[in-house]
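The exercises below are to be worked with the sequence and the model side by side. Each task is followed by a solution in steps.

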Amino acid sequence: MKLAPGLHRVGNDLVAIHLIVTPDGVTIIDAGFAGHHRGLVAELAAAGRSLDDVRGIVLTHGDDDHVGFAERLRAENGVPVHVHEKDAARARGEEKTSPAWGRLRLAPAVRFLAYGARNGGLRTQHLTQVHTFRDGDELPLPGAPRIISLPGHSPGSVAVHVPAVRALFVGDALTTRHVLTGATGPQPAPFTDDPAAAAAALDRVADIEADWVIPGHGAPWTGGVPALIAAYRAAAAA
């Protein structure tokens with residue numbers, strides 16, 4: 001799906017991957033589940049591109065539902081995969097976490113788990129090699145993505161700011177569709193290591209100007225960052 005010139009989406013509101021398409025090539029933000037590889041190839045073709053045009057993958061964090069097809073592209077197509085140094089071990093499958101699930105409703109939770117199973121979520125291939133970054137780095141990839149640390153969901157969770165497409169990718173720092181309850185709108189994401197830290201970290205993006213604020217789960221937000229954070233805070237307090 002083309003969201004805007006140079007900005008494309010693969011997947012849906014349960015799990016989404018995004019492409020930055022420029023004359024210099026393509027940057028992928030997050031890699032979903034392994035099964036999203038098919039949708040990636042199709043979306044690239046719709047944009048007149050192929051896997052040969054992909055210059056890199058940027059992970060907002062190292063959880064399995066964001067690592068997905070990354071190792072396949074690295075091994076088969078030579079695509080470098082970039083992740084924060086504090087989540088590198090998680091992306092390589094060397095470090096596991098078991099955060100509390102929190103509240104849930106049976107039907108949405110089963111829908112998410114079944115979707116993951118159908119798309120290879122039970123057979124995640126972790127990275128064997130990653131390139132690490134730190135807060136404030138600007139990566140040498142199409143769109144010149146800039147890294148903003150948002151620790152909380154995981155130690156190495158980040159936002160990725162791409163001014164070229166006026167987009168801010170926030171991974172699981174927040175969600176606009178809670179995969180375990182089905183609730184929509186800006187709110188804390190489930191499976192978060194440190195919820196208090198995740199909430200506090202959002203202040204780091206409060207001044208970012210972006211037409212698109214894009215979480216890893218849920219619909220993109222187009223109402224501006226201040227309104228997004230206000231809605232998040234209201235939901236967290238409810």
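Helices (H or I, at least four residues) and strands (E, at least two) are DSSP runs, numbered from the N terminus. The model is a predicted one, in which local features need pLDDT of at least 70, side-chain atom pairs count only at pLDDT 80 or more, and totals for chains, interfaces and linings use all residues. Residues are numbered from 1 along each chain as its sequence is written, and side-chain values use heavy atoms, with hydrogens and water left out.

**Exercise 1. Place T192 and list its surroundings.**

Step 1. Find the element: T192 sits in the loop between strand 12 and helix 6.

Step 2. Classify the exposure. Buried means under 20% relative accessible area, exposed over 50%, and partly exposed in between (1.4 Å probe, protein chains only). T192 has 11% relative accessibility, so it counts as buried.

Step 3. List the contacts, where contact means heavy atoms within 4.5 Å. Not counting residues up to four places away in sequence, T192 touches P99, G152, H153 and A198.

Step 4. Check the C-alpha distance to A100: the two atoms are separated by 7.5 Å, while T192 and A100 are 92 residues apart along the chain.

**Exercise 2. Compare the backbone and exposure of F191 and D30.**

Step 1. F191 lies in the loop between strand 12 (184-187) and helix 6 (195-201). Its phi is near 60 degrees, a positive value in a residue other than glycine.

Step 2. D30 is placed in the loop between strand 4 and helix 1. D30 is not a glycine either, yet has a positive phi of about 70 degrees.

Step 3. Apply the exposure cut-offs. F191 counts as partly exposed because its relative accessibility is 23%, whereas D30, at 3%, counts as buried.

**Exercise 3. Is N119 buried or exposed, and which residues does N119 contact?**

Step 1. N119 belongs to the loop between helix 5 (106-118) and strand 7 (131-133).

Step 2. Its relative accessibility is 11%, so N119 counts as buried.

Step 3. With neighbours within four places in sequence left aside, N119 is in contact with F33, A34, G35 and R38.

**Exercise 4. Describe the largest nonpolar core.**

Step 1. Fix the term: a nonpolar core is a set of buried Ala, Val, Leu, Ile, Met, Phe, Trp, Tyr and Cys residues joined through side-chain atoms within 4.5 Å.

Step 2. The largest such core has 24 residues, and I28, L40, I57, F69 and L73 have the most contacts inside it.

Step 3. Elements that each supply at least two residues of this core include strand 3 (16-22), strand 4 (25-29), helix 1 (37-46) and helix 3 (70-77). Strand 3 gives the largest share, 3 residues.

Step 4. Take L73 as a case. Beyond its neighbours within four places in sequence, its contacts are I28, H37, L40, L51, V54, I57, G78 and V79.

**Exercise 5. Summarise the whole chain.**

Step 1. Count the elements: the protein chain has 7 helices and 13 strands.

Step 2. Judge the compactness. The radius of gyration (over C-alpha atoms) is 16 Å, close to the 18 Å that the globule rule (2.2 Å times the number of residues to the power 0.38) gives for 238 residues, so the chain is as compact as a globular protein of that length.

Step 3. Of the 238 residues, 55% count as buried.

Step 4. Among contacts between residues at least 6 apart in sequence, 67% join residues at least 24 apart.
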